[in-house]
Amino acid sequence: MADIESLVADLQAEQESLDAVLAQVDEAAWQTDTPAEGWKVQDQVAHLTYFDGAVTQAITDPDAFTATLTERAADPNYVNVVAEPLVALPSSELWAKWKAGRQPMYDAMLGADPKGRYPWYGPPMSVASACTARIMETWAHGQDVADGLGIEREPSDRIAHVVFIGYKARPFAYANRGMEVPEGEVRFELTLPSGKPLVLGARPANNPQAAGLGSMGAVPAAVGDVNVIRGTALDMALLVTQRRHRADTSLEAEGPLAEEFLDVAQAFAGPPGGGRKPGQFPRS
């Protein structure tokens, strides 16, 4: 069973990492455009604030959360407009509100039944999945903020959570585009910022001794075809969150399924995004 305390600690660290970025700029910078079209820094933080609160409600008062789902789902532009009241706040007030909502969220996650399932906009989630999703969202929107402000972030091994969601969401990424999910496995052989390996997926038949060296779960049995993606976990996290075009990463694909996956990968819910353009963030 997932270690909820460890997941919550990683979520807190990821949020504080974004705090460190925001602390480097003045209030005017919150109106800076980010690479996400139509989203300023203020919009990014408002989005995180709203959905942190939504997670807390889903865990602590699932009936109230569920009662609003139909209304929310009726608006196809819901994700883009739901946080508008928060966007209208002064940036200092919004930041304070985001910070104030964190401890109730942590407490809700730590106090929840780890075997329970809690409502969400898609299928119900476990508390571990909800926490991991918040890590992914914080990291991805934090990347937009950092890119918009021109601030370099020091990557951490917490991006393993982001990569894991992208790996598990492979069937969703295809179905979300109206594409048939191809048979066969894709294996990730990546390197975390610390230098540790992160390996997810099936062992290729021509290397049956290869093992899953990451901490994200058991490795399935060997498969006949070799479809492997190699590179850094940072590049993979940037790709599956669509914060970088594959052309601006060092990821390498071996096999047709691996090659195709680099074009459809998506770790987040909702329709496929526009992503980033080739050359928008060239490698240094």
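This passage walks through the nonpolar cores, the cavities and one pocket of the structure. The model is a predicted one.

A good place to begin is the interior. In soluble globular proteins, nonpolar side chains tend to be buried together. Here, the largest nonpolar core comprises 44 residues, and Leu22, Tyr50, Ile59, Met109 and Trp120 have the most contacts inside it. Two or more residues of this core come from each of the elements α1 (4-22), α2 (41-60), α7 (91-100), α8 (102-111) and α9. The largest share, ten residues, is supplied by α2. Leu22 gives a glimpse of the packing: leaving out residues up to four places away in sequence, Leu22 touches Trp30, Val41, Val45, Trp95, Trp98 and Val145. Apart from the largest core lies another, with 33 residues that include Ile165, Tyr167, Leu190 and Phe261.

Attention now turns to enclosed spaces. Three cavities of 30 Å³ or more are found in a search of the whole structure. The largest has a volume of about 60 Å³, and its lining is formed by Glu14, Ser17, Trp139, Arg153, Glu154, Pro155, Ser156, Arg158 and Ile159. Sorted by class, these lining residues are three nonpolar, two polar and four charged.

The second largest cavity, with a volume of about 40 Å³, has a lining of nine nonpolar residues, one polar residue and no charged residues. Among the residues that line this cavity are Val55, Ala58, Tyr118, Met125 and Ser126. Ile59 and Trp120 also belong to this lining, and both are among the residues with the most contacts inside the largest core. At least two lining residues come from each of α2 and α9, with α2 giving the most, three residues.

One open site completes the tour. The second largest pocket has a volume of about 470 Å³. Of its 19 lining residues, Gln143, Asp147, Glu152, Leu238 and Arg244 are the closest to the centre. Helices α9 and α12 (233-240) each give two or more residues to the lining, and α9 gives the most, with four residues. The lining as a whole divides into eight nonpolar, three polar and eight charged residues.

Gln143 deserves a closer look. This residue sits in helix α9 (residues 127-149). Gln143 counts as buried because its relative accessible area is 10%, while buried means under 20%. Setting aside neighbours within four places in sequence, Gln143 is in contact with Arg153, Leu238, Arg243 and Arg244. Of these partners, Leu238 and Arg244 are also listed among the residues closest to the centre of the pocket, and Arg153 appears in the lining of the largest cavity.

How values were computed: Residues are numbered from 1 along each chain as its sequence is written. This is a predicted model: local features need pLDDT of at least 70, side-chain atom pairs count only at pLDDT 80 or more; totals for chains, interfaces and linings use all residues. Side-chain values use heavy atoms; hydrogens and water are left out. Buried means under 20% relative accessible area, exposed over 50%, partly exposed in between (1.4 Å probe, protein chains only). Contact means heavy atoms within 4.5 Å. A nonpolar core is a set of buried Ala, Val, Leu, Ile, Met, Phe, Trp, Tyr and Cys residues joined through side-chain atoms within 4.5 Å. On a 1 Å grid over the protein atoms alone, a cavity is a set of points where a 1.4 Å probe fits but cannot get out, and a pocket is an open set with protein on both sides within 12 Å along at least five of seven lines; lining residues have an atom within 4 Å of a point. Grid points are joined across faces, edges and corners, and a volume is the space filled by probe spheres set on the points. Ala, Val, Leu, Ile, Met, Phe, Trp, Tyr, Cys and Pro count as nonpolar, Asp, Glu, Lys and Arg as charged, and the others, Gly among them, as polar.
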